[in-house]
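Here is a quick walk through the fold, written for someone who would rather look at side chains than at statistics. Keep the model open alongside as you read.

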Amino acid sequence: MTGDRPAAFVPVASEAPLLTRASGSDAVARMRERRLVREVQRGSAGALEELFRREWPRAYRAAYLVVHDAAAAEDIAQEAFLAAVRAIDSFDRRRPFGPWMHRIVVNRAIDVTRSRALRREVDAAAADSAEAPADPPAMPLSGDVVAALRELSPEHRAVVALRFLFDYTPGEIARALDMPRGTVNSRLRRALDRLGELLEVEA
């Protein structure tokens, strides 16, 4: 990660695999990921289970930071993983699996958040009979930051999550979300400006 990480985004827990980019084990991890994807493409249930265990925490966190609803984030992450599995035969193993998966997760989370914004009414009967809400995922970000993210649009939450939770560069975010790099930079600036305002008020 470069030196542009705001102080508020310093992780509150040590989760180095999510927050650091370069390490001596990267090449080994990539080789293992390629092997898993190859075995999934060949129909291995064991490889599919291992790939799910590897990707689930990150997918869930990414979905939660966009949609801010634990139960919806679980559904989104599961649906995204199923969509990825259905398309796995066409996946190019020379590419990293994670960013491809995160693109599916984030785009689904944005769609869900938009559709929810269009229908704010709550079905009282359904709410009364609903199951207890799922617990939100553990986050390597402070509670104040996670709460402030709720005030941003889903599009701005998405770029912040990819930049500061997954340590993607703006160029990688642009490729993952299929948008110009200038749009990514603009959304990051606006999101960080707004977060700065919100966190200053809370302080």
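## Helix H9 and its surroundings

H9 is mostly covered, with 6 of its 8 residues buried. The buried ones are Pro 170, Gly 171, Ile 173, Ala 174, Ala 176 and Leu 177. Bear in mind that this is a predicted model.

Just past the end of H9 sits Asp 178, with a positive phi of about 55°. Asp 178 belongs to the loop between H9 and H10, and it counts as exposed at 59% relative accessibility. Most residues other than glycine have a negative phi. His 68 also has a positive phi, near 55°, without being a glycine. His 68 lies in the loop between H3 and H4. Is His 68 buried or exposed? It is buried, because its relative accessible area is 8%, and the cut-off for buried is under 20%.

Now for H8. All the way along, H8 is covered: 11 of its 11 residues are buried, so the rest of the structure largely encloses this helix. That list takes in charged side chains as well as nonpolar ones, including Glu 155, Arg 157 and Arg 163. His 156 and Phe 164 are buried in H8 too.

## The overall picture

Stepping back, the chain has 10 helices and 0 strands. Of its 203 residues, 42% count as buried. Take the contacts between residues at least 6 apart in sequence: 72% of them join residues at least 24 apart.

What sits in the largest nonpolar core? This core has 57 residues, and Phe 97, Met 101, Val 105 and Val 160 have the most contacts inside it. Helices that give two or more residues to the core include H2 (26–41), H3 (45–67), H5 (97–118) and H10 (181–202). H3 gives the most, with 10 residues.

Val 105 is a handy place to zoom in. Setting aside neighbours within four places in sequence, Val 105 is in contact with Ala 59, Ala 62, Ala 63, Ile 76 and Ala 80.

## How H3 packs

Two partners of H3 are worth a look, H4 and H8.

| Pair | Axes | Angle | Handedness |
|---|---|---|---|
| H3 and H4 | within 8 Å | roughly 135° | right-handed |
| H3 and H8 | 8 Å apart | about 145° | right-handed |

Why are H3 and H4 called oblique? Their axes cross at roughly 135°, and an angle has to be over 145 degrees to count as roughly antiparallel, so H3 and H4 are oblique to each other.

On the H3 side, the contact with H4 uses residues including Leu 48, Phe 52, Trp 56, Ala 59 and Tyr 60. Among those H4 contributes are Ala 73, Glu 74, Ile 76, Gln 78 and Phe 81. By type, the residues of this contact come to 16 nonpolar, 1 polar and 1 charged.

H3 meets H8 through Leu 65, Val 66 and Val 67. From H8 come Pro 154, Arg 157, Ala 158 and Ala 161. Here the split is 6 nonpolar, no polar and 1 charged. Val 67 of H3 takes part in the contact with H8 and also in the contact with H4.

Definitions and conventions
Residues numbered from 1 in each chain as written. Predicted model: local features only at pLDDT ≥ 70, side-chain atom pairs only at ≥ 80, totals over all residues. Heavy atoms only, no water. Core = buried A, V, L, I, M, F, W, Y, C linked by side-chain atoms within 4.5 Å. Buried < 20%, exposed > 50% of the residue type's maximum accessible area, 1.4 Å probe, protein only. Helix = DSSP H or I, 4+ residues; strand = E, 2+ residues; numbered from the N terminus. Contact = heavy atoms within 4.5 Å. Axes fitted to C-alpha atoms, helices over the stretch in contact; angles between N-to-C directions. Parallel < 35°, antiparallel > 145°, perpendicular 65-115°, else oblique. Left-handed = near helix turned anticlockwise from the far one by under 90°.
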